[in-house]
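Hi everyone, thanks for making the time this morning. I'd like to walk you through a structure, so please get the picture up in front of you and stop me whenever you like.

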Amino acid sequence: MFDVYTTSLLSSGCLQFRNFILLIKIFMGVIDTSSLCSLKCNTNFHQFVVPDRFFFSFEGNKRRVIAMASSMPLDQQVNQGQQGLTGDSFIRQHLRKLSPYQPILPFEVLSIKLGRKPEDIIKIDANENPYGPPPEASNMQHHTPFLIQALGQLKFPYIYPDPESRRLRDALSKDSGLESNHILVGCGADELIDLIMRCVLDPGDKIVDCPPTFTMYEFDAAVNGAHVIKVPRKSDFSLNVELIADAVEREKPKCIFLTSPNNPDGSIINEQDLFKILEMPILVVLDEAYIEFSGLESKMKWVKKHDNLIVLRTFSKRAGLAGLRVGYGAFPLSIIEYLWRAKQPYNVSVAAEVAACAALQNATYLENVKEMLIQERERLFKLLKEIPFLNPYPSYSNFILCEVTSGKNAKKLKNLVIEKVHQSLGGGEKSVFWGRSNSPLHVVIRNKYGLQKDVWDSNVGTGAVEDLAKMGVMIRHYDKKELKGYVRVSVGKPEHTNALMKCLKSLS
(Lines give C-alpha, C1' and ligand atoms only; values in the text may rest on other atoms or scores of the structure.)
Protein backbone atom coordinates (compact mmCIF):
# COMPACT_ATOMS: atom_id res chain seq x y z
CA MET A 1 0.00 0.00 0.00
CA PHE A 2 2.93 2.34 0.69
CA ASP A 3 4.18 1.86 -2.86
CA VAL A 4 0.78 2.76 -4.29
CA TYR A 5 0.53 5.75 -1.96
CA THR A 6 3.91 7.19 -2.85
CA THR A 7 3.58 6.45 -6.53
CA SER A 8 0.20 8.10 -6.66
CA LEU A 9 1.46 11.20 -4.89
CA LEU A 10 4.40 11.57 -7.23
CA SER A 11 2.32 10.87 -10.34
CA SER A 12 -0.42 13.33 -9.47
CA GLY A 13 1.78 16.34 -10.09
CA CYS A 14 -0.13 18.21 -7.37
CA LEU A 15 1.85 17.18 -4.32
CA GLN A 16 1.35 19.68 -1.54
CA PHE A 17 4.37 20.91 0.35
CA ARG A 18 3.38 19.50 3.74
CA ASN A 19 2.76 16.06 2.23
CA PHE A 20 6.08 16.25 0.45
CA ILE A 21 7.82 16.86 3.79
CA LEU A 22 5.91 13.93 5.26
CA LEU A 23 7.07 11.69 2.42
CA ILE A 24 10.71 12.72 2.96
CA LYS A 25 10.39 11.92 6.65
CA ILE A 26 8.98 8.50 5.79
CA PHE A 27 11.93 7.76 3.53
CA MET A 28 14.35 8.90 6.24
CA GLY A 29 12.70 6.67 8.84
CA VAL A 30 11.49 9.57 10.94
CA ILE A 31 7.90 8.28 10.65
CA ASP A 32 6.93 4.66 11.15
CA THR A 33 5.49 3.60 7.80
CA SER A 34 4.00 0.44 9.27
CA SER A 35 1.57 2.56 11.24
CA LEU A 36 0.66 4.86 8.32
CA CYS A 37 -3.01 4.43 7.58
CA SER A 38 -4.06 2.98 4.27
CA LEU A 39 -5.60 5.31 1.74
CA LYS A 40 -7.86 4.29 -1.08
CA CYS A 41 -6.38 5.26 -4.40
CA ASN A 42 -8.59 6.42 -7.23
CA THR A 43 -7.35 5.41 -10.65
CA ASN A 44 -7.67 9.07 -11.67
CA PHE A 45 -4.60 10.60 -10.02
CA HIS A 46 -6.10 14.10 -10.21
CA GLN A 47 -8.86 12.88 -7.89
CA PHE A 48 -6.42 11.36 -5.44
CA VAL A 49 -7.43 12.01 -1.84
CA VAL A 50 -4.60 13.32 0.34
CA PRO A 51 -4.33 13.54 4.11
CA ASP A 52 -5.91 16.69 5.51
CA ARG A 53 -4.54 16.42 9.06
CA PHE A 54 -1.97 14.26 10.81
CA PHE A 55 -2.08 13.10 14.42
CA PHE A 56 1.08 11.92 16.12
CA SER A 57 1.36 9.62 19.16
CA PHE A 58 4.34 8.17 20.94
CA GLU A 59 4.62 4.72 22.56
CA GLY A 60 7.98 4.54 24.22
CA ASN A 61 10.59 5.20 21.54
CA LYS A 62 8.20 4.30 18.72
CA ARG A 63 6.66 7.06 16.62
CA ARG A 64 3.26 6.63 15.02
CA VAL A 65 1.38 8.85 12.62
CA ILE A 66 -2.30 8.62 11.78
CA ALA A 67 -3.45 10.40 8.58
CA MET A 68 -6.95 11.75 8.35
CA ALA A 69 -8.06 11.94 4.72
CA SER A 70 -9.67 15.11 3.36
CA SER A 71 -12.92 14.84 1.48
CA MET A 72 -11.71 17.47 -1.05
CA PRO A 73 -9.77 16.17 -4.09
CA LEU A 74 -6.25 17.53 -4.50
CA ASP A 75 -6.89 19.39 -7.76
CA GLN A 76 -9.77 21.27 -6.14
CA GLN A 77 -7.58 22.18 -3.18
CA VAL A 78 -4.91 23.57 -5.53
CA ASN A 79 -7.45 25.49 -7.62
CA GLN A 80 -9.02 26.91 -4.49
CA GLY A 81 -5.63 28.18 -3.32
CA GLN A 82 -4.94 29.81 -6.68
CA GLN A 83 -8.21 31.68 -6.95
CA GLY A 84 -7.51 35.37 -7.50
CA LEU A 85 -3.85 34.72 -8.39
CA THR A 86 -2.74 36.67 -11.49
CA GLY A 87 0.56 36.90 -13.30
CA ASP A 88 1.23 40.49 -12.30
CA SER A 89 1.24 39.47 -8.64
CA PHE A 90 4.76 38.12 -9.25
CA ILE A 91 6.01 41.47 -10.63
CA ARG A 92 7.98 43.78 -8.34
CA GLN A 93 5.63 46.28 -6.79
CA HIS A 94 7.34 49.47 -8.04
CA LEU A 95 7.38 48.17 -11.63
CA ARG A 96 3.62 47.80 -11.79
CA LYS A 97 3.29 51.59 -11.95
CA LEU A 98 6.19 52.09 -14.35
CA SER A 99 5.40 53.92 -17.59
CA PRO A 100 7.22 52.38 -20.57
CA TYR A 101 9.93 54.32 -22.36
CA GLN A 102 8.68 55.80 -25.63
CA PRO A 103 11.15 54.81 -28.37
CA ILE A 104 11.44 56.28 -31.85
CA LEU A 105 10.22 54.08 -34.70
CA PRO A 106 12.85 52.74 -37.16
CA PHE A 107 12.70 52.98 -40.94
CA GLU A 108 11.43 49.44 -41.40
CA VAL A 109 8.38 50.05 -39.22
CA LEU A 110 7.74 53.49 -40.70
CA SER A 111 7.96 52.08 -44.20
CA ILE A 112 5.17 49.59 -43.46
CA LYS A 113 3.02 52.14 -41.65
CA LEU A 114 3.42 54.80 -44.33
CA GLY A 115 3.35 52.55 -47.35
CA ARG A 116 6.51 54.10 -48.77
CA LYS A 117 10.14 53.17 -49.22
CA PRO A 118 12.55 53.99 -46.40
CA GLU A 119 14.53 56.14 -48.83
CA ASP A 120 11.46 58.36 -49.23
CA ILE A 121 11.21 59.14 -45.52
CA ILE A 122 13.01 62.13 -44.01
CA LYS A 123 13.71 61.18 -40.42
CA ILE A 124 15.04 64.06 -38.33
CA ASP A 125 13.47 63.21 -34.98
CA ALA A 126 16.02 60.96 -33.20
CA ASN A 127 19.44 62.65 -33.66
CA GLU A 128 20.70 59.82 -35.84
CA ASN A 129 23.62 60.28 -38.22
CA PRO A 130 22.03 60.36 -41.72
CA TYR A 131 25.33 59.55 -43.42
CA GLY A 132 25.73 56.23 -41.66
CA PRO A 133 28.99 54.33 -41.19
CA PRO A 134 31.92 54.45 -43.63
CA PRO A 135 30.41 53.29 -46.95
CA GLU A 136 33.58 51.99 -48.55
CA ALA A 137 37.29 51.59 -47.94
CA SER A 138 39.73 53.51 -50.08
CA ASN A 139 41.82 50.42 -50.83
CA MET A 140 38.92 48.37 -52.18
CA GLN A 141 38.85 47.79 -55.91
CA HIS A 142 35.17 46.91 -56.31
CA HIS A 143 33.72 49.47 -53.87
CA THR A 144 32.11 46.83 -51.69
CA PRO A 145 30.45 48.55 -48.72
CA PHE A 146 33.02 48.88 -45.98
CA LEU A 147 31.08 47.26 -43.16
CA ILE A 148 29.64 44.53 -45.37
CA GLN A 149 33.17 43.52 -46.28
CA ALA A 150 34.24 43.59 -42.64
CA LEU A 151 31.26 41.50 -41.52
CA GLY A 152 31.81 39.10 -44.42
CA GLN A 153 35.30 38.36 -43.14
CA LEU A 154 34.07 37.01 -39.81
CA LYS A 155 35.85 33.72 -39.18
CA PHE A 156 33.79 32.39 -36.31
CA PRO A 157 30.28 33.93 -36.31
CA TYR A 158 28.93 30.77 -34.65
CA ILE A 159 31.14 31.30 -31.59
CA TYR A 160 30.14 33.59 -28.71
CA PRO A 161 31.84 37.00 -28.85
CA ASP A 162 34.79 38.00 -26.71
CA PRO A 163 33.21 38.84 -23.31
CA GLU A 164 35.82 41.56 -22.78
CA SER A 165 35.68 43.09 -26.29
CA ARG A 166 39.47 43.23 -26.24
CA ARG A 167 39.96 44.22 -29.87
CA LEU A 168 37.51 47.11 -29.66
CA ARG A 169 38.82 48.30 -26.29
CA ASP A 170 42.36 48.36 -27.69
CA ALA A 171 41.14 50.41 -30.66
CA LEU A 172 39.28 52.78 -28.34
CA SER A 173 42.40 53.16 -26.23
CA LYS A 174 44.33 54.37 -29.27
CA ASP A 175 41.44 56.62 -30.27
CA SER A 176 41.03 58.25 -26.85
CA GLY A 177 44.52 58.08 -25.39
CA LEU A 178 43.19 56.28 -22.31
CA GLU A 179 44.43 52.86 -21.23
CA SER A 180 42.07 50.01 -22.12
CA ASN A 181 41.76 48.83 -18.52
CA HIS A 182 39.72 51.98 -17.87
CA ILE A 183 37.31 51.21 -20.75
CA LEU A 184 34.18 49.08 -20.73
CA VAL A 185 32.03 48.44 -23.82
CA GLY A 186 28.28 47.95 -23.78
CA CYS A 187 25.28 47.26 -25.98
CA GLY A 188 24.82 50.98 -26.47
CA ALA A 189 25.49 53.56 -23.77
CA ASP A 190 21.97 52.78 -22.51
CA GLU A 191 23.16 49.41 -21.22
CA LEU A 192 25.99 51.08 -19.33
CA ILE A 193 23.60 53.57 -17.73
CA ASP A 194 21.51 50.69 -16.42
CA LEU A 195 24.60 48.71 -15.38
CA ILE A 196 25.94 51.67 -13.39
CA MET A 197 22.63 52.01 -11.57
CA ARG A 198 22.44 48.28 -10.81
CA CYS A 199 25.93 48.39 -9.32
CA VAL A 200 25.53 51.65 -7.39
CA LEU A 201 21.90 51.99 -6.31
CA ASP A 202 20.01 50.08 -3.67
CA PRO A 203 16.19 50.31 -3.80
CA GLY A 204 15.23 53.62 -2.24
CA ASP A 205 18.53 55.36 -3.06
CA LYS A 206 18.43 58.69 -4.86
CA ILE A 207 19.91 60.21 -8.00
CA VAL A 208 20.03 63.82 -9.17
CA ASP A 209 18.54 64.61 -12.57
CA CYS A 210 18.69 68.03 -14.25
CA PRO A 211 15.73 68.36 -16.62
CA PRO A 212 15.20 68.96 -19.38
CA THR A 213 17.67 66.25 -20.31
CA PHE A 214 17.90 62.68 -21.59
CA THR A 215 14.90 60.89 -20.09
CA MET A 216 16.63 57.51 -19.92
CA TYR A 217 18.21 58.49 -16.58
CA GLU A 218 14.84 58.94 -14.93
CA PHE A 219 13.50 55.79 -16.59
CA ASP A 220 16.37 53.53 -15.50
CA ALA A 221 16.23 54.95 -11.99
CA ALA A 222 12.56 53.95 -11.79
CA VAL A 223 13.35 50.45 -13.08
CA ASN A 224 15.97 50.06 -10.35
CA GLY A 225 13.67 51.31 -7.60
CA ALA A 226 15.56 54.58 -7.03
CA HIS A 227 14.12 58.02 -6.35
CA VAL A 228 14.85 60.95 -8.66
CA ILE A 229 15.71 64.38 -7.23
CA LYS A 230 15.05 66.89 -10.00
CA VAL A 231 17.09 70.09 -10.12
CA PRO A 232 15.74 72.05 -13.10
CA ARG A 233 18.10 73.92 -15.39
CA LYS A 234 18.12 77.68 -15.73
CA SER A 235 16.19 79.46 -18.47
CA ASP A 236 19.22 79.25 -20.78
CA PHE A 237 19.45 75.50 -20.03
CA SER A 238 22.67 75.88 -18.04
CA LEU A 239 23.11 73.93 -14.80
CA ASN A 240 22.04 75.47 -11.51
CA VAL A 241 25.11 74.40 -9.56
CA GLU A 242 23.97 76.10 -6.33
CA LEU A 243 20.71 74.13 -6.29
CA ILE A 244 22.60 70.94 -7.12
CA ALA A 245 24.86 71.52 -4.11
CA ASP A 246 21.83 72.09 -1.88
CA ALA A 247 20.18 68.90 -3.15
CA VAL A 248 23.33 66.86 -2.55
CA GLU A 249 23.66 68.16 1.01
CA ARG A 250 19.97 67.76 1.84
CA GLU A 251 19.01 64.53 0.03
CA LYS A 252 22.32 62.61 0.14
CA PRO A 253 21.94 61.14 -3.39
CA LYS A 254 24.32 58.47 -4.68
CA CYS A 255 24.94 59.87 -8.17
CA ILE A 256 24.13 62.60 -10.66
CA PHE A 257 23.71 62.16 -14.43
CA LEU A 258 24.85 65.03 -16.66
CA THR A 259 24.85 65.30 -20.45
CA SER A 260 27.25 67.55 -22.34
CA PRO A 261 26.21 68.59 -24.93
CA ASN A 262 22.82 68.28 -23.32
CA ASN A 263 19.92 66.59 -25.06
CA PRO A 264 17.57 68.24 -26.09
CA ASP A 265 18.98 71.81 -26.12
CA GLY A 266 22.59 71.26 -27.18
CA SER A 267 24.21 73.29 -24.37
CA ILE A 268 27.56 72.32 -22.86
CA ILE A 269 28.79 72.22 -19.26
CA ASN A 270 31.68 74.55 -18.61
CA GLU A 271 34.69 73.11 -16.82
CA GLN A 272 34.30 75.38 -13.80
CA ASP A 273 30.82 74.03 -13.07
CA LEU A 274 31.98 70.46 -13.66
CA PHE A 275 34.85 70.89 -11.19
CA LYS A 276 32.44 72.23 -8.55
CA ILE A 277 30.17 69.20 -8.95
CA LEU A 278 33.11 66.78 -8.85
CA GLU A 279 34.07 68.23 -5.46
CA MET A 280 30.70 67.14 -4.05
CA PRO A 281 30.28 63.74 -2.33
CA ILE A 282 28.48 62.19 -5.28
CA LEU A 283 29.25 59.94 -8.26
CA VAL A 284 29.19 62.02 -11.45
CA VAL A 285 28.16 60.25 -14.68
CA LEU A 286 28.99 62.50 -17.64
CA ASP A 287 27.24 61.47 -20.85
CA GLU A 288 29.22 62.64 -23.90
CA ALA A 289 27.07 61.07 -26.61
CA TYR A 290 27.31 64.24 -28.72
CA ILE A 291 30.80 65.48 -27.77
CA GLU A 292 32.16 65.17 -31.33
CA PHE A 293 29.94 68.01 -32.53
CA SER A 294 30.95 70.43 -29.75
CA GLY A 295 34.54 71.12 -30.74
CA LEU A 296 35.55 70.22 -27.18
CA GLU A 297 37.87 67.45 -26.02
CA SER A 298 36.35 64.49 -24.23
CA LYS A 299 36.80 64.21 -20.47
CA MET A 300 37.55 60.47 -20.67
CA LYS A 301 41.09 60.93 -19.32
CA TRP A 302 39.73 62.72 -16.27
CA VAL A 303 38.66 59.39 -14.73
CA LYS A 304 42.31 58.78 -13.80
CA LYS A 305 42.26 61.84 -11.54
CA HIS A 306 38.67 61.77 -10.26
CA ASP A 307 37.52 58.61 -8.52
CA ASN A 308 33.91 59.82 -8.64
CA LEU A 309 33.71 60.41 -12.41
CA ILE A 310 32.38 58.16 -15.18
CA VAL A 311 32.32 59.28 -18.83
CA LEU A 312 30.04 57.64 -21.39
CA ARG A 313 30.41 57.69 -25.20
CA THR A 314 28.64 56.07 -28.15
CA PHE A 315 29.09 55.04 -31.78
CA SER A 316 25.49 55.94 -32.60
CA LYS A 317 26.17 59.60 -33.43
CA ARG A 318 29.81 59.83 -34.50
CA ALA A 319 29.88 56.64 -36.60
CA GLY A 320 26.25 56.14 -37.62
CA LEU A 321 25.99 52.76 -35.86
CA ALA A 322 22.81 53.37 -33.85
CA GLY A 323 21.27 50.18 -35.24
CA LEU A 324 24.17 47.99 -34.08
CA ARG A 325 24.14 49.34 -30.49
CA VAL A 326 27.72 50.03 -29.44
CA GLY A 327 28.53 52.28 -26.51
CA TYR A 328 31.51 52.57 -24.22
CA GLY A 329 32.58 54.25 -21.02
CA ALA A 330 35.66 55.42 -19.15
CA PHE A 331 35.77 54.42 -15.48
CA PRO A 332 38.09 54.77 -12.50
CA LEU A 333 39.79 51.46 -11.76
CA SER A 334 38.18 51.40 -8.33
CA ILE A 335 34.72 51.31 -9.99
CA ILE A 336 35.20 49.36 -13.21
CA GLU A 337 36.17 46.21 -11.28
CA TYR A 338 32.60 45.84 -10.02
CA LEU A 339 30.99 46.58 -13.37
CA TRP A 340 33.03 43.75 -14.88
CA ARG A 341 31.57 41.44 -12.26
CA ALA A 342 27.96 42.50 -12.87
CA LYS A 343 27.78 42.94 -16.65
CA GLN A 344 26.33 40.32 -18.97
CA PRO A 345 29.19 38.19 -20.36
CA TYR A 346 28.43 38.49 -24.09
CA ASN A 347 26.80 41.92 -24.19
CA VAL A 348 28.47 43.18 -27.39
CA SER A 349 27.82 41.09 -30.50
CA VAL A 350 30.53 40.02 -32.92
CA ALA A 351 28.93 42.15 -35.65
CA ALA A 352 28.81 45.24 -33.43
CA GLU A 353 32.45 44.93 -32.41
CA VAL A 354 33.64 44.37 -35.97
CA ALA A 355 31.59 47.34 -37.22
CA ALA A 356 32.90 49.65 -34.51
CA CYS A 357 36.50 48.65 -35.15
CA ALA A 358 36.00 49.16 -38.89
CA ALA A 359 34.59 52.63 -38.28
CA LEU A 360 37.56 53.62 -36.12
CA GLN A 361 39.88 52.55 -38.92
CA ASN A 362 38.36 55.19 -41.19
CA ALA A 363 39.00 58.30 -39.11
CA THR A 364 39.03 60.53 -42.19
CA TYR A 365 35.47 59.59 -43.06
CA LEU A 366 34.29 60.17 -39.49
CA GLU A 367 35.92 63.60 -39.45
CA ASN A 368 34.43 64.60 -42.81
CA VAL A 369 30.92 63.55 -41.75
CA LYS A 370 31.27 65.48 -38.51
CA GLU A 371 32.27 68.64 -40.39
CA MET A 372 29.36 68.27 -42.84
CA LEU A 373 26.88 67.96 -39.98
CA ILE A 374 28.35 70.96 -38.16
CA GLN A 375 28.13 73.08 -41.33
CA GLU A 376 24.54 71.97 -41.92
CA ARG A 377 23.71 72.72 -38.28
CA GLU A 378 24.81 76.34 -38.74
CA ARG A 379 22.82 76.63 -41.96
CA LEU A 380 19.72 75.09 -40.38
CA PHE A 381 19.98 77.44 -37.39
CA LYS A 382 20.02 80.52 -39.64
CA LEU A 383 17.05 79.26 -41.65
CA LEU A 384 15.02 78.44 -38.54
CA LYS A 385 15.60 81.97 -37.26
CA GLU A 386 13.77 83.22 -40.38
CA ILE A 387 10.58 81.41 -39.33
CA PRO A 388 8.55 84.01 -37.39
CA PHE A 389 6.98 81.52 -34.97
CA LEU A 390 10.20 79.65 -34.07
CA ASN A 391 12.95 80.67 -31.66
CA PRO A 392 15.92 78.32 -32.19
CA TYR A 393 18.60 77.88 -29.51
CA PRO A 394 22.32 77.74 -30.36
CA SER A 395 23.53 74.16 -30.26
CA TYR A 396 26.82 72.33 -29.86
CA SER A 397 25.26 69.07 -30.99
CA ASN A 398 23.63 67.54 -34.08
CA PHE A 399 20.16 68.93 -33.32
CA ILE A 400 18.49 72.27 -32.65
CA LEU A 401 15.81 72.98 -30.07
CA CYS A 402 13.15 75.53 -31.04
CA GLU A 403 10.59 77.33 -28.94
CA VAL A 404 7.28 77.77 -30.76
CA THR A 405 6.21 81.40 -30.31
CA SER A 406 3.80 84.00 -31.79
CA GLY A 407 0.80 82.35 -30.20
CA LYS A 408 1.30 79.08 -32.04
CA ASN A 409 1.03 75.83 -30.11
CA ALA A 410 3.85 73.38 -30.68
CA LYS A 411 1.57 70.37 -30.39
CA LYS A 412 -0.90 71.88 -32.84
CA LEU A 413 1.81 72.84 -35.30
CA LYS A 414 1.37 69.57 -37.15
CA ASN A 415 -2.38 70.21 -37.32
CA LEU A 416 -1.75 73.62 -38.87
CA VAL A 417 0.35 71.91 -41.53
CA ILE A 418 -2.49 69.50 -42.22
CA GLU A 419 -5.03 72.30 -42.56
CA LYS A 420 -2.73 74.31 -44.84
CA VAL A 421 -2.50 71.48 -47.33
CA HIS A 422 -6.15 70.62 -46.86
CA GLN A 423 -7.12 74.15 -47.88
CA SER A 424 -4.74 74.12 -50.85
CA LEU A 425 -6.70 71.19 -52.26
CA GLY A 426 -10.06 72.85 -51.72
CA GLY A 427 -11.14 70.58 -48.86
CA GLY A 428 -11.72 66.86 -48.87
CA GLU A 429 -10.85 63.79 -46.89
CA LYS A 430 -7.93 63.86 -44.46
CA SER A 431 -6.10 60.67 -43.52
CA VAL A 432 -3.58 61.00 -40.69
CA PHE A 433 -1.09 58.29 -39.71
CA TRP A 434 0.79 58.48 -36.41
CA GLY A 435 3.85 56.54 -35.30
CA ARG A 436 4.16 58.17 -31.86
CA SER A 437 1.75 60.11 -29.73
CA ASN A 438 3.85 63.23 -30.08
CA SER A 439 5.38 62.91 -33.53
CA PRO A 440 3.60 63.32 -36.88
CA LEU A 441 4.58 60.81 -39.52
CA HIS A 442 2.51 61.15 -42.64
CA VAL A 443 -0.66 62.94 -43.66
CA VAL A 444 -2.48 62.24 -46.90
CA ILE A 445 -5.27 64.57 -48.03
CA ARG A 446 -7.63 63.83 -50.90
CA ASN A 447 -10.02 66.36 -52.35
CA LYS A 448 -13.45 65.59 -53.73
CA TYR A 449 -11.95 64.83 -57.13
CA GLY A 450 -9.64 62.18 -55.68
CA LEU A 451 -6.52 64.29 -56.11
CA GLN A 452 -3.94 63.62 -53.39
CA LYS A 453 -1.43 65.76 -51.52
CA ASP A 454 1.21 64.85 -48.96
CA VAL A 455 1.58 67.18 -46.00
CA TRP A 456 5.36 67.33 -46.26
CA ASP A 457 5.53 67.64 -50.05
CA SER A 458 8.04 70.19 -51.34
CA ASN A 459 5.24 72.20 -53.03
CA VAL A 460 2.97 72.48 -49.98
CA GLY A 461 0.68 75.52 -50.16
CA THR A 462 0.91 76.05 -53.93
CA GLY A 463 -2.55 74.71 -54.60
CA ALA A 464 -1.21 72.28 -57.19
CA VAL A 465 -3.73 69.67 -58.28
CA GLU A 466 -1.47 67.00 -59.69
CA ASP A 467 -0.66 63.90 -57.71
CA LEU A 468 2.70 64.79 -56.15
CA ALA A 469 5.52 62.58 -55.00
CA LYS A 470 5.20 61.81 -51.32
CA MET A 471 7.87 62.77 -48.82
CA GLY A 472 7.53 62.08 -45.09
CA VAL A 473 9.31 64.38 -42.62
CA MET A 474 9.45 63.82 -38.85
CA ILE A 475 10.57 66.16 -36.08
CA ARG A 476 10.36 65.75 -32.31
CA HIS A 477 7.68 67.50 -30.26
CA TYR A 478 7.74 67.83 -26.46
CA ASP A 479 4.76 68.11 -24.15
CA LYS A 480 6.34 67.82 -20.68
CA LYS A 481 6.25 70.91 -18.50
CA GLU A 482 9.95 71.74 -18.84
CA LEU A 483 9.67 71.79 -22.64
CA LYS A 484 6.02 72.43 -23.28
CA GLY A 485 5.84 74.43 -26.49
CA TYR A 486 9.16 73.20 -27.92
CA VAL A 487 10.20 71.11 -30.92
CA ARG A 488 13.57 69.57 -31.71
CA VAL A 489 14.99 69.16 -35.20
CA SER A 490 17.88 66.78 -35.87
CA VAL A 491 20.51 67.95 -38.32
CA GLY A 492 20.22 65.99 -41.54
CA LYS A 493 21.53 66.34 -45.05
CA PRO A 494 21.02 69.61 -46.98
CA GLU A 495 18.08 68.14 -48.89
CA HIS A 496 16.41 67.27 -45.59
CA THR A 497 16.74 70.86 -44.45
CA ASN A 498 15.30 72.13 -47.72
CA ALA A 499 12.18 69.98 -47.49
CA LEU A 500 11.58 70.99 -43.87
CA MET A 501 11.98 74.70 -44.54
CA LYS A 502 9.55 74.71 -47.47
CA CYS A 503 6.93 73.18 -45.23
CA LEU A 504 7.55 75.59 -42.33
CA LYS A 505 7.54 78.66 -44.58
CA SER A 506 4.13 77.69 -45.90
CA LEU A 507 2.79 78.32 -42.39
CA SER A 508 4.30 81.79 -41.98
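Let's begin in the middle of things, with helix H9. The cover over the buried residues of H9 includes S6, strand S7, which spans 255-259, and helix H10, at 271-278. One caution before we go on: this is a predicted model.

So which residues of H9 are buried? H9 takes in residues 241-251, and the buried ones are Val-241, Ile-244, Ala-247 and Val-248. Those four sit on the same side of H9, because they cover an arc of only 115 degrees around the axis. Turn to the other side of H9 and you find Glu-249 and Arg-250, which are exposed. Just after H9 comes Lys-252, with a positive phi of about 55 degrees.

Now follow the chain into S7. How many of the residues of S7 are buried? Five of its five, so to speak: S7 is mostly covered. The cover is on both faces, with Cys-255, Phe-257 and Thr-259 buried on one side, and Ile-256 and Leu-258 buried on the other.

Who are the partners of S7? One is strand S5, residues 206-209, which runs parallel to S7 and is joined to it by three bridges. If you want a spot to click on, Val-208 stands opposite Ile-256 in S7. Another is strand S8, residues 283-287, also in the parallel sense, over five bridges. There, Leu-258 has Leu-286 in S8 as its bridge partner. To get from S7 to S8 the chain passes through H10, and this β-α-β crossover is right-handed.

A quick reminder for anyone who has been at the bench all week: strands of a sheet pair through backbone hydrogen bonds, either parallel or antiparallel.

With that in mind, let's zoom out to the sheet that S7 belongs to. It is an open sheet of seven strands, in the order S4-S10-S9-S8-S7-S5-S6, and the pairing is mixed. Which strands are at the edges? They are strand S4, at 183-186, and strand S6, at 227-230, each of which pairs on one side only. On average, neighbouring strands in this sheet are turned by 25 degrees against each other, direction ignored.

Let's visit the S4 edge. S4 pairs with strand S10, residues 327-330, in the antiparallel sense, and four bridges hold that pairing. Within that pair, Val-185 stands opposite Tyr-328 in S10. Helix H6, residues 166-176, packs on the sheet here, where H6 touches S4 and S10. The direction of H6 makes about 125 degrees with that of S4.

Next, please scroll further along the sequence to another sheet. Four strands make up this open sheet, in the order S11-S12-S18-S17, with antiparallel pairing. At its edges are strand S11, 390-392, and strand S17, 476-478, and each pairs on one side only. The twist from one strand to the next averages 30 degrees.

Let me go across it strand by strand. S11 and S12 form a hairpin with six residues between them, and three bridges join the two strands, which run antiparallel. In that hairpin, Asn-391 stands opposite Glu-403 in S12. S12 then pairs with S18 over five bridges, in the antiparallel sense, and the bridge partner of Leu-401 is Arg-488 in S18. Finally, S17 and strand S18, residues 486-490, pair in the antiparallel sense over three bridges, with His-477 opposite Val-487.

Is S12 enclosed or open to the outside? Five of its six residues are buried, so S12 is largely enclosed by the rest of the structure. Lying across S11, S12 and S18 is helix H14, residues 363-385, which runs at about 10 degrees to S12.

To finish, the protein as a whole. There are 16 helices and 18 strands. Of the 508 residues, 49% are buried. The protein exposes about 25600 Å², and carbon and sulfur atoms supply 53% of that. As for contacts between residues at least 6 apart in sequence, 65% of them join residues at least 24 apart.

That's my tour. Thanks for listening, and I'm happy to go back to any part of it with you.

Conventions: Residues numbered from 1 in each chain as written. Predicted model: local features only at pLDDT ≥ 70, side-chain atom pairs only at ≥ 80, totals over all residues. Heavy atoms only, no water. Pairing = 2+ DSSP bridges. Axes fitted to C-alpha atoms, helices over the stretch in contact; angles between N-to-C directions. Contact = heavy atoms within 4.5 Å. Buried < 20%, exposed > 50% of the residue type's maximum accessible area, 1.4 Å probe, protein only. Areas by Shrake-Rupley, 256 points an atom, 1.4 Å probe, with all protein chains shown as cover. Arc of directions from axis to C-beta. Right-handed = clockwise from strand over helix to strand, strands pointing away.
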